[in-house]
Amino acid sequence: MAQSYKSLKEDFVSNLSGSGMSEINWVTAVAPAAVLLWSVLQSRHDFFSDYNLLAFVTDFLLNVAAILSAITVYSSSPVILNFLFVSPAVCLYFLRRRSRTRQKRPAQAPSANGQASAHKDQDIRSTLPERPFITHYRGSMMVVTCLAILAVDFRVFPRRFAKVETWGTSLMDMGVGSFVFSAGLVSARPILKAQGADRQSSVGASLKAAFRHSLPLLALGLIRLYSIKGLDYAEHVSEYGVHWNFFFTLALLPPLVGSLQILPTWFASVDIIALLVSCIFQSVLDSTSVTAYILTAPRFSLVSQNREGLISIWGYLSIFLAGQAVGLDILPRTGSELSRSIFGLHMDRPYTVRLFMWSVWYSMLLFLAVSYKALGLQVSRRLANLPYVLWVSAFNCTQLALFSAVEILAFPGLYSPLDKKLESQRSKHATSQILAAFNRNGLAIFLLANLLTGLVNLATDTLHAGQGRAMATLFAYASMLTIVAMSMHWKNIALKM
């Protein structure tokens, strides 16, 4: 008896084993490579300063279409694709710079106003700078995430990039963790602002704000749940569970993070807390029957039906805290006292160097976790275990370091002006408008991407679509997401969820 189309689609994304970490690194390296070319065009030739139709199309081709190519038609040759971006960037970098009018430095105040000038200098240095490389990192992460959730339904998207069943690594497994890590990264901003204003919220106030932040995410989770069940949409149950979805995971994180405020400030730095949570969770997985329960238990109750989502939340909490620790370290103009830098060791180094050091730390811990035979650990996104947390943290720190290095190469002295308005202008000049748009309304665009993915799957036989039809559909989908994101960005719409 022939299988139903729904079961065929479920089989298409089930029982997969993933790909190697090195291949994932090469594929995702296309994003910083494309930003390198964008940055050289902007810094050396002012290509995007007059943001006309040509600039918009070029921005789209570099920062959206390039990523789409990397995960589809160039998936087997990512090194070549990286070379196609890096080589012209190197050539353009050494070409003669286009002359341009230099922006005047703010006039120095007269000696009589020296004290006011000193106060202004102090006020600017105490603010959090706009860091274009973080916008590029988060925007690129959102682009690849949105593209992958539809591309995975087409055969042009390699099966090794889709989420693995239980053990192993894949591009989409990294996408989920990166989403959480980047959320943790920017969650450091309000903490740093409160620290700068010398105020600290009570545990009750923090939890109240956390629950308020969780409500929209909970609503989105319920909408997705009822949409999938109502439309009889194909599901991969072992991903999160029967009813659970990623929005529910995101909704649970703010209250869990807020509850950690009960810990005394001297207890440990955020990065150590992240590692402790993950290690304790891993100990529970190894010393009890929890792992067997997640992987093999029958789904007879509400809890057992959604056990993957409910139990893996501890791993995602660790990832969120790891991202927050990095944010506390690199967002301020100087190292934050809250972060105590890397695992309690003070590192007075430029933030790019510190990011590479974060990457080395997590990479060493990951190597130890998966190579030490006595531990016998493997990466599992389904469990969100210790190796998965370390892999996600190492990967994202490396990505941040690469984007940061590109920024330093193309836009040296970006944060040196003593005038806040001038610094803001320079930061805007060094930021891709498309990536800024995806970053600004990331969650709203992610929701739209989910809705469009559902519509495409209901209207199109994605399983049997040829490469040409698949790429045309994906290109149109990417274009629509970009147009919506840019429209919101140009109209100064920022939806807070």
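This passage describes charged, aromatic, nonpolar and cysteine features of a predicted model.

Side chains of opposite charge can pair when their charged atoms come close. Six salt bridges are present in the structure. One of them joins glutamate 23 to arginine 160, with the closest N and O atoms 2.7 Å apart. Glutamate 23 belongs to helix α2 (residues 21-28), while arginine 160 belongs to the loop between α7 and α8 (171-186), so this bridge ties together parts that are 137 residues apart in sequence. Arginine 160 has a relative accessible area of 28% and is therefore partly exposed, since that class lies between the 20% limit for buried and the 50% limit for exposed.

A salt bridge also connects aspartate 173 and arginine 381, at 2.9 Å from N to O. Helix α8 holds aspartate 173 and the loop between α17 and α18 (386-410) holds arginine 381, so parts 208 residues apart in sequence are tied together. Both aspartate 173 and arginine 381 are buried.

Arginine 382 bridges to glutamate 308, where the closest N and O atoms are 2.9 Å apart. This pair links distant parts of the chain. Arginine 382 lies in the loop between α17 and α18, glutamate 308 lies in helix α16 (residues 307-330), and the two are 74 residues apart. Arginine 382 is buried, as is glutamate 308. The contact is part of a salt-bridge network that links Arg299, Glu308 and Arg382.

Aromatic contacts come next. A pair of aromatic rings is described by the distance of the centres and the angle of the planes. The count of aromatic pairs is 17. For phenylalanine 133 and tyrosine 351, the ring centres are 5.4 Å apart and the planes meet at 5 degrees; the pair is stacked because that angle falls under the 30 degrees cut-off. The pair links distant parts of the chain, with phenylalanine 133 in helix α7 (residues 132-151) and tyrosine 351 in helix α17 (residues 351-371), 218 residues apart. Phenylalanine 133 and tyrosine 351 are both buried. Elsewhere, ring pairs join Phe179, Tyr240, Phe246, Phe247 and Phe446 into a cluster.

Charges also sit over rings. The charged end of arginine 44 is placed over the ring of tyrosine 93, 4.7 Å from the ring centre. Arginine 159 has its charged end over the ring of phenylalanine 12, at 3.7 Å from the centre.

Helix α7 also contains valine 143. The relative accessibility of valine 143 is 1%, so this residue counts as buried. Its C-alpha atom is separated by 9.1 Å from that of leucine 481, although their positions lie 338 residues apart along the chain.

On the surface, Leu53, Val57, Leu61 and Phe475 make a nonpolar patch of about 370 Å². Helix α4 (residues 53-70) supplies the largest share of this patch, three residues. Leucine 53 is found in helix α4. Leucine 53 has a relative accessible area of 64% and is therefore exposed.

A disulfide is a covalent bond between the sulfur atoms of two cysteines. The structure holds zero disulfides. Two cysteines illustrate opposite settings. Cysteine 91 has a relative accessible area of 54%, so this residue is exposed. Cysteine 397, by contrast, is buried because its relative accessibility is 0%.

Note on methods: Residues numbered from 1 in each chain as written. Predicted model: local features only at pLDDT ≥ 70, side-chain atom pairs only at ≥ 80, totals over all residues. Heavy atoms only, no water. Patch = residues over 30% accessible without salt bridge, like charges linked within 9 Å, V, L, I, M, F, W, Y side chains within 5 Å. Areas by Shrake-Rupley, 256 points an atom, 1.4 Å probe, with all protein chains shown as cover. Salt bridge = Lys/Arg side-chain N within 4 Å of Asp/Glu carboxyl O. Helix = DSSP H or I, 4+ residues; strand = E, 2+ residues; numbered from the N terminus. Buried < 20%, exposed > 50% of the residue type's maximum accessible area, 1.4 Å probe, protein only. Phe/Tyr/Trp six-rings, centres within 6.5 Å; stacked < 30°, edge-to-face > 60°. Lys NZ or Arg CZ within 6 Å of the ring centre and 35° of its normal. Disulfide = S-S within 2.5 Å.
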